[in-house]
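The following exercises train the reading of a protein model, from single residues to whole chains. Please attempt each task before turning to its solution.

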Amino acid sequence: MPTVEAAAAVVPGRPVGAWTIAWRRLRRDKIALASAGILSLIVFAAFAGGPIAAKLLGHGPDDLFPYAQHSLKPVGPWTQVPDTSIIESLVPDAPPPKNVGTTLFVLGADGPLGRDELLRVLYGGRVSLEVAFGAAFLAILIGVTLGLVAAYFGGFVDSVISRFIDLVMAFPLLLFLVMVGYTVAGDKFARITVHGVFPQGVVSLVLIIGLFTWFYPARIVRSQVISLRHQAFVEAATSTGASDSWIIRKHLVPHVLPTLLVWGSIAAATNIMLEAGVTFLGAGIRIPTASWGTLLSSTWGTVANPTGYDPTTFSAWPTLLPTVAIFVTVLAFNQLGESMRSVLDPKAVR
Amino acid sequence: MSVGWRYFLRRILVSVVLLWVLSVITFAIYFTIPQEPAAFLVDPQHSTPAMIAKARHRLGVDRPITTQYAKFVWRALHGDFGVAYEGLSFNANDELVGTHVGSQVIRAAAVTGWLALGGVVLVIVLAIPAAMLAASRAGSWLDKTLLAVTLIGISTHPIVIGVVLQTFAGNRWHIAPPSGYCGLTGQTANFSSPFDNNPVLCGGFRDWASHMVLPWITFALFFIALYLRIVRVRLLDVLGSDYIRAARAKGASEARVLRRHALPNTILPVITMLAMDIGTAVGIAVYVETVYRLPGLGRLTLGAISGEQGFDLPVIIAVVMVVGAAIILLNLLADALLAVADPTIETRGARRAQAAGRVI
């Protein structure tokens with residue numbers, strides 16, 4: 001018996017939106033799904049996993065355990081460490097005080113100070129991801145606004161904004177990040193935490209990275225909107241009396257959104273690298289706050305104190321863990337961006 | 001004058017204005033931060049107010065900021081960036097003596113320049129043939145492996161690449177010196193650590209090249225990965241076009257199609273992109289110089305910012321101006337190159353300007 005469903009299935013050419021097509025393509029792209037899955041896992045681990053693990057283990061990421069190292073070498077993974085912050089005597093490697101319990105270090109300690117590496121990687125991930133997302137969001141916010149205004153209104157406004165973009169582009173980005181990070185952001189802004197919502201240093205790093213990278217999305221949006229501005233559908237909207245803000249919101253923004261998604265994903269990857277780099281150069285997140293940058297530089301040294309390779313204190317785990325965390329996250333963001341680029345491209349045939 | 005010339009004249013004028021604004025901003029940033037430049041000359045804890053006032057006067061920092069800025073611009077226009085604060089002292093005749101920022105910056109810029117130049121050569125020599133290989137066998141296992149390797153390359157932090165290479169190739173296997181720099185001409189004192197009292201004298205081409213091997217590789221790896229991807233996509237794009245089909249139809253071999261027909265159309269955009277990526281390159285150079293202790297612009301700036309007595313404004317502003325000028329100049333050069341080689345660029349520029357409601 002022919003059902004209504006079967007009849008509906010043969011009706012040809014039911015129009016589907018661009019987003020639906022993109023979603024269908026994305027579902028077939030296994031690498032993109034894997035990247036998205038890994039990223040959600042990392043975000044969950046960093047934002048919720050840190051506090052949960054701290055609760056379960058019974059110690060925090062900044063707690064010092066003098067018995068979590070033996071002659072400055074941190075203990076390895078899955079070690080029971082005497083649960084005390086006091087050293088019994090000044091003699092190194094003296095036995096721990098009596099009647100203290102032990103606490104578990106799942107991934108070992110982070111170095112001579114004896115902090116829990118797992119908790120530091122998790123809490124540090126939160127800081128690094130906040131910087132990555134925050135700075136990308138800020139850059140897109142500024143970039144889209146200026147790019148849209150420049151392209152849509154043209155003329156003098158466009159000239160001024162374009163020269164402004166040229167100016168910011170001429171800044172040697174990393175040098176400026178370091179300079180501003182060292183000086184302005186060093187004392188005043190680093191303490192901004194918005195009532196304790198963000199760890200120290202996050203807001204200032206978001207501000208500097210965002211304020212020096214918005215020109216990328218601004219250029220993308222400007223060139224796209226310039227090519228869209230005189231197309232028939234925009235002129236049709238103008239002729240029906242649509243206001244400037246209506247045209248921008250309903251006709252132009254949806255067109256630039258896919259490109260921005262792609263840029264945002266790759267920018268998040270770049271920002272994670274930048275956080276680690278600027279922190280390594282001594283101008284980013286300050287110790288003792290954990291971030292992937294501070295973890296990386298605590299084993300490999302910073303500019304002020306480059307340790308390089310020192311066989312007496314070197315331990316593979318604290319070096320490997322932040323490196324792998326940064327690598328996997330950056331790889332996933334890059335791959336997701338690439339996949340989204342091909343998925344959202346209307347010209348791509350599949 | 002043709003439209004093209006007028007366009008470039010305009011661009012050059014805009015570049016000069018950009019450099020000027022860059023100097024104003026840098027000056028302004030560093031004058032909003034409280035610091036005492038006299039601390040470089042006298043110890044503020046153990047000197048009388050008169051001595052501090054004299055030091056301030058001799059440095060010229062007691063005058064209003066506008067006067068100081070005007071003096072800076074006047075001197076800079078004559079190629080003089082002043083004397084660095086660090087290492088300043090009075091000599092026997094009560095005259096100020098110190099290192100000239102100009103020569104300091106030139107020496108550092110040479111190191112960074114060699115680093116970048118060697119790196120770019122590596123990128124061109126390795127990335128383009130690899131991309132041709134990948135593009136000619138698109139979709140094959142070789143192509144997929146190369147793509148995966150490049151994805152790893154652009155996702156690994158340059159610092160990590162640097163430290164790993166330094167630790168293994170330098171410190172463990174002794175393939176190349178793990179850090180330090182040797183001058184290409186003349187002898188340089190090479191300190192293996194900050195506490196080293198017996199520097200090794202070295203110099204000449206062999207020493208110079210051996211000390212630059214690891215930095216070059218570190219610098220180039222990121223860009224090789226990036227450009228392999230870009231050139232591959234571009235090649236695949238070109239290989240699908242009609243004139244390639246025509247070349248194949250007349251019986252040209254696949255190697256010849258790739259080399260003589262597809263590559264020339266790929267290489268120019270790549271060179272212009274290299275010129276435009278100099279901002280990123282400076283950033284990576286800072287990492288590389290830090291890891292390998294090369295006395296380049298990055299380390300010069302870091303030292304000037306993180307000095308104990310405060311920041312060394314003359315050095316900082318000189319570096320910003322030099323790097324800013326290099327970025328602007330190379331961008332301009334890239335545009336000029338593209339315009340000379342691609343005759344459609346001019347009309348395209350004009351059309352774009354028209355669409356934006358602007359007349360050149």
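**Exercise 1: Two backbone angles**

B:Arg293 lies in the loop between helix H11 (278-292) and helix H12 (297-305) of chain B; helices (H or I, at least four residues) and strands (E, at least two) are DSSP runs, numbered from the N terminus. The model is a predicted one, in which local features need pLDDT of at least 70 and side-chain atom pairs count only at pLDDT 80 or more, while totals for chains, interfaces and linings use all residues. Residues are numbered from 1 along each chain as its sequence is written, chains are lettered from A and ligands numbered from 1 in the order in which they are written, and side-chain values use heavy atoms, with hydrogens and water left out.

Task: State what sign phi has in B:Arg293 and in B:His174, and describe the setting of each residue.

Solution.
1. Recall the general rule: most residues other than glycine have a negative phi.
2. In B:Arg293, which is not glycine, phi is positive, near 55°.
3. B:Arg293 has a relative accessible area of 23% and is therefore partly exposed (buried means under 20% relative accessible area, exposed over 50%, partly exposed in between, with a 1.4 Å probe and protein chains only).
4. B:His174 also has a positive phi, about 55°, and is not a glycine.
5. B:His174 is placed in the loop between helix H6 (158-172) and strand E3 (187-190) of chain B, and its relative accessibility of 62% makes it exposed.

**Exercise 2: The interface of chains A and B**

Task: Describe how many residues of chain B and chain A are in contact, what area the chains bury, and which elements of chain B supply the residues.

Solution.
1. Count the residues: 46 of chain B are in contact with 43 of chain A, where contact means heavy atoms within 4.5 Å.
2. Turn to the area. The size of an interface is often given as the accessible area lost when the parts come together. Here about 4000 Å² is buried between chain B and chain A, 76% of it on carbon and sulfur atoms; buried area is the accessible area (1.4 Å probe) that two parts lose on being put together, summed over both.
3. Four residue pairs, both members at pLDDT 80 or more, are in polar contact across the interface of chain B and chain A. A polar contact is a pair of N or O atoms within 3.5 Å; within protein, one must be able to donate a hydrogen and the other to accept it, and residues adjacent in sequence count only if both atoms are side-chain atoms.
4. On the side of chain B that touches chain A, at least two residues each come from helix H1 (3-31), helix H5 (141-155), H6, H11, H12 and helix H13 (313-341) of chain B.
5. H1(B) gives the largest share of that side, nine residues.
6. By class, that side of chain B has 29 nonpolar, 12 polar and five charged residues. Ala, Val, Leu, Ile, Met, Phe, Trp, Tyr, Cys and Pro count as nonpolar, Asp, Glu, Lys and Arg as charged, and the others, Gly among them, as polar.

**Exercise 3: Salt bridges**

Task: Which residues form the salt bridge between chain B and chain A, and how are B:Arg232 and B:Asp143 placed?

Solution.
1. The count between chain B and chain A is one salt bridge, that is, a side-chain nitrogen of Lys or Arg within 4 Å of a carboxyl oxygen of Asp or Glu.
2. Its partners are B:Arg229 and A:Glu338, at 3.3 Å from N to O.
3. B:Arg229 belongs to helix H7 (residues 205-239) of chain B and A:Glu338 to helix H13 (residues 316-344) of chain A, so the pair joins two chains.
4. B:Arg229 is buried at 13% relative accessibility, whereas A:Glu338 is partly exposed at 29%.
5. Within chain B, the side chains of B:Arg232 and B:Asp143 meet in a salt bridge of 2.8 Å, N to O.
6. This pair links distant parts of the chain: B:Arg232 is in helix H7 and B:Asp143 in helix H5 of chain B, 89 residues apart. Both B:Arg232 and B:Asp143 are buried.

**Exercise 4: A buried alanine**

Task: Is B:Ala108 buried or exposed, and which residues are in contact with it?

Solution.
1. B:Ala108 is placed in helix H4 (residues 101-136) of chain B.
2. Its relative accessible area is 3%, so B:Ala108 is buried.
3. Leaving aside neighbours within four places in sequence, B:Ala108 is in contact with B:Pro295, B:Gly296, B:Leu297 and B:Leu300.
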